[in-house]
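Reader: I'd like to talk through this chain with you, beginning with its inner spaces and moving outward. Could you keep the cut-offs explicit as we go?

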Amino acid sequence: MALLTLSNAHLAYGHVPLLDGTDFSLESGERVALIGRNGTGKSSLLKILAGDEKVDDGLLQLQSGVRRVYVAQEPQFLSGVSVFDAVAEGVAEARALRERYERHAPDEDLDALQTRLEALDGWTWEQRVTEALQRLHLDADALVDALSGGTKKRVALARALVAAPDVLLLDEPTNHLDIDSIEWLQDLLNGWRGALVLISHDRAFIDAVATRIVELDRGQLRNYPGNFAAFNAAKARELENEALAAARADKLLAQEEVWIRKGVEARRTRSVGRVARLVQLREQRAQRRNELGQVRLEVDAGLPPGKIVAELKDVSMRYGDRLLIDKFSATILRGDKVGLIGPNGCGKTTLLKLILGELMPTSGSVRQGSKLQVAYFDQMRAALNLDATLADTISPGSEWIEIGQEPKVTRKHVMSYLGDFLFSPARANSPVRTLSGGERNRLLLARLFALPANVLVLDEPTNDLDIDTLDLLEELLQAYAGTVFLVSHDRRFLDNVVTSTIAWEGDPDFGGRPGLWREYEGGYEDWKLQRARALALAEAAAAPAAVSTKPASADAARPAPARTKLSYKEQRELDALPDRVQALEAEQKALAERLASSELYVSEPQRVPALQARHDDIEAELLQSLERWEALSSRV
C-alpha cells in the first residue's frame, strides 16, 4: 500500500490551473525527484503532500501513522535560538511528553504517556539530537541567526532527520550548499530508509539520488522511472509525438473551416455530423494547453578586449592571521571560461576580486588586460530593487534596449525583451517583489545580458533556475565570445560550460596547505579525476619513503642496482596496455549509453544496479591501467 496518495487534485491561482486533475502516489523507500518549470506549482504540490496547504478539489490519503517532515527552500527558525534547540524542534512532541511524564499530575495516565513515548523513541531524544549534530558537523552552542545560508540548510536537515519521518519532503535542498556538502547530502539520502520527495534542478544530484522522476507539466504529473538521462530521452519522444498530434489536429481543423465557409450556399445539404465535429474540434483547440515557451537568450559581448584578461604571479592574500591565497599564479586569456570551486568561505570571491583588480594582493603582482567591460551576476540579488518595476529594472528611463556595438546594433522594445525571458507584457509594470526566486534570477540574467560586457562574472547563477533555462544558459555561455568567470556548485553546469577550473585544495586532510589554489584544464569531473590521480601518485611515492626509514641490515642498506630495462614480461604488459585502455573506454561508453536509455528501465530494471556497478568498476580499472602505463613508460 502506498504511504500517501493524491487523487484528482485541482489547484489554481487566478485563471491558470497549477494542478488539473493530478494523481500522485508514493511507495515505501521511493526517492522521487519532482521537476518542472519555475511557477508551475512544484512547491505548492510539495506543501500539499506535507499537509501545509489544501487542494481546491481532490483527495489526499495517508497510510495510518505515517509521519511527514517538510524542509522549505528557505528554512525558518525562531530568533535567538541555539543550533541544539533548533534541531530539537524536530523531537518537540517526544520532548514535551517526557517532561509531562517526569512531572506527571496525580490524574495523568502514565501508561498512555509511556506507550506514546516508546512509539516516538522519546527516552533518548537528546542522544538523537547530539548524533545528528555530529553527523552534520554543527556546533550545538552556535546561534542560528549568525549562520550562513548553507549552514542553516544543514540545521533544517538535522531537524528533519531527528524526527525520523516516514516521508521526507525537501524543497531545493542543494541551494546555498557547496559541492562537498552536496555530495555529503547525496550519500545521506542514498542511505535514507524512508521515502523521499525532493524538488531540485541540480541534474547531477538528481541522477545520484532519485529512483523515479516526476515532471509537473501544464497541470499534469508525468512519471519516468530511472535517472535524469532516461527522463530526457523519454521526454523528447513525448514532445515529438505531442507536436505531431497537435499538427494533425490543426490541419484537420483548417480543412473543416475551409469546408464550412465554402458550403454557405448549400447550407441545407451539409452533414449535421460534420458540423458537430467542427464545433468539437474548435473546443479542443481552445482547451489545448500548449508546451510552455522557451527563454530566448542573447548577450552583448561588448568591445573586444586585449588578448590577456589577467596575469597573476605568486599572488598571496591575507586577512589578519588567515591566509586565503598563497602564491597563486595563472594567466587568463580572452575567451577563457573559468570555473572556481571550493567550499563556502574558502576565498573564491576574494580571488575573483584580485583577478579583476578590485583588491590589491598582500604580495605578488596582478596585471589586468585592456578594454575590460565587466558585468556581475550576484547570487544574493543585491542589484535588484524590489520596489522597481520589471521594465525599469531592465531599461530605466527608456522603452528601448540596444544590444551590440556599432555598426551592428540591435534595438529591442523592453516589452519584447522581457518576453524573451518569459515575462508577459501584463507583468512588465509589476514590482520585482512579486516575483518568485527563479523569476528574480531570470530577471537578473535579463538585466545582465542587456549590458555591454566582454567579461561575465556569474556567482551561483543556477540557483532556482529551471532545467530548461539552465540548458539554454549553457548554450549561450558556450557560444559567448567574451571571458566568463563562473562560481557554481552545480557540477553538471560546470562540466558543460568551463574550459578550465581553479580549485581550492587547502584541505590538510588531503595533503593541502592553507591558501593553496591550483588551475586545471577542463571542468569539475576533469578536476576530480586529475586530483585523484595526483593523490594516488603522491601516496605511491610516499610509501617507499616510509619503508626506507625503517631500520635495515647491512645487506639491505646496500643500494640495489638500478634497472634501466624492462623485463620481457613487463614489455609485453606495456605493449598490451593501450589496447586494454581502449577496450575499457569502449565498454564504459557502451554501458553509459545503455544506462541512459529508457528502454533498459522498462524491459530489464533488475539489471540496472549490476550495470551501474560495472560502470563504476571500469573507472577504477582505467585509473589503475593508466598509472601502470605511466610507470612502465618512464623506465623505457
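Reader: By class, how many residues in the lining of the largest cavity are nonpolar, polar and charged?

Author: The lining has 2 nonpolar, 8 polar and 5 charged residues, where Ala, Val, Leu, Ile, Met, Phe, Trp, Tyr, Cys and Pro count as nonpolar, Asp, Glu, Lys and Arg as charged, and the others, Gly among them, as polar. Please keep in mind that this is a predicted model, in which local features need pLDDT of at least 70 and side-chain atom pairs count only at pLDDT 80 or more, while totals for chains, interfaces and linings use all residues. Residues are numbered from 1 along each chain as its sequence is written, and side-chain values use heavy atoms, with hydrogens and water left out.

Reader: Which residues lie nearest the centre of that cavity, and about how much space lies in it?

Author: Of its 15 lining residues, Thr-174, Asn-175, Asp-202, Thr-462 and Asn-463 lie nearest the centre, and the space comes to about 130 Å³. A cavity here is a set of points on a 1 Å grid over the protein atoms alone where a 1.4 Å probe fits but cannot get out, and lining residues have an atom within 4 Å of a point. Grid points are joined across faces, edges and corners, and the volume is the space filled by probe spheres set on the points. By this rule there is 1 cavity of 30 Å³ or more.

Reader: Switching to packing, which residues touch the most other members of the largest nonpolar core?

Author: Those are Leu-168 and Leu-189, in a core of 52 residues; such a core is a set of buried Ala, Val, Leu, Ile, Met, Phe, Trp, Tyr and Cys residues joined through side-chain atoms within 4.5 Å. Buried means under 20% relative accessible area, exposed over 50%, and partly exposed in between, with a 1.4 Å probe and protein chains only. Helix H6 (residues 149-162) gives the largest share of this core, 7 residues, helices being DSSP runs of H or I with at least four residues and strands runs of E with at least two, numbered from the N terminus. A second, separate core of 44 residues includes Phe-421, Leu-435, Ala-446 and Leu-477.

Reader: And what is Leu-189 in contact with, leaving aside its neighbours within four places in sequence?

Author: Leu-189 meets Arg-31, Leu-168, Leu-170, Leu-196, Leu-198, Phe-205 and Val-209, contact meaning heavy atoms within 4.5 Å.

Reader: Any backbone oddities? Which value does phi of Ala-164 lie near?

Author: Phi of Ala-164 is near 50°, a positive value in a residue other than glycine. Ala-164 is found in the loop between H6 and strand E6 (167-171) and is partly exposed, at 35% relative accessible area. Lys-371 also has a positive phi, near 60°, and it lies in the loop between strand E13 (363-368) and strand E14 (374-377), where it is exposed at 59%.

Reader: Now the far end: where is Glu-587 placed, and what does Glu-587 touch beyond four places in sequence?

Author: Glu-587 sits in helix H19 (residues 568-596) and touches Arg-614 and Ile-618. Its C-alpha is 8.4 Å from that of His-615, which is 28 residues away in sequence.

Reader: What about Pro-605, and how far in space is its C-alpha from that of Gly-226?

Author: The two C-alpha atoms are separated by 8.6 Å, although the residues are 379 apart along the chain. Pro-605 lies in the loop between helix H20 (598-603) and helix H21 (608-633) and counts as partly exposed, at 43% relative accessibility.

Methods
1 Å grid on protein atoms, 1.4 Å probe; cavity = no way out; pocket = protein on both sides within 12 Å on 5 of 7 lines; lining within 4 Å.
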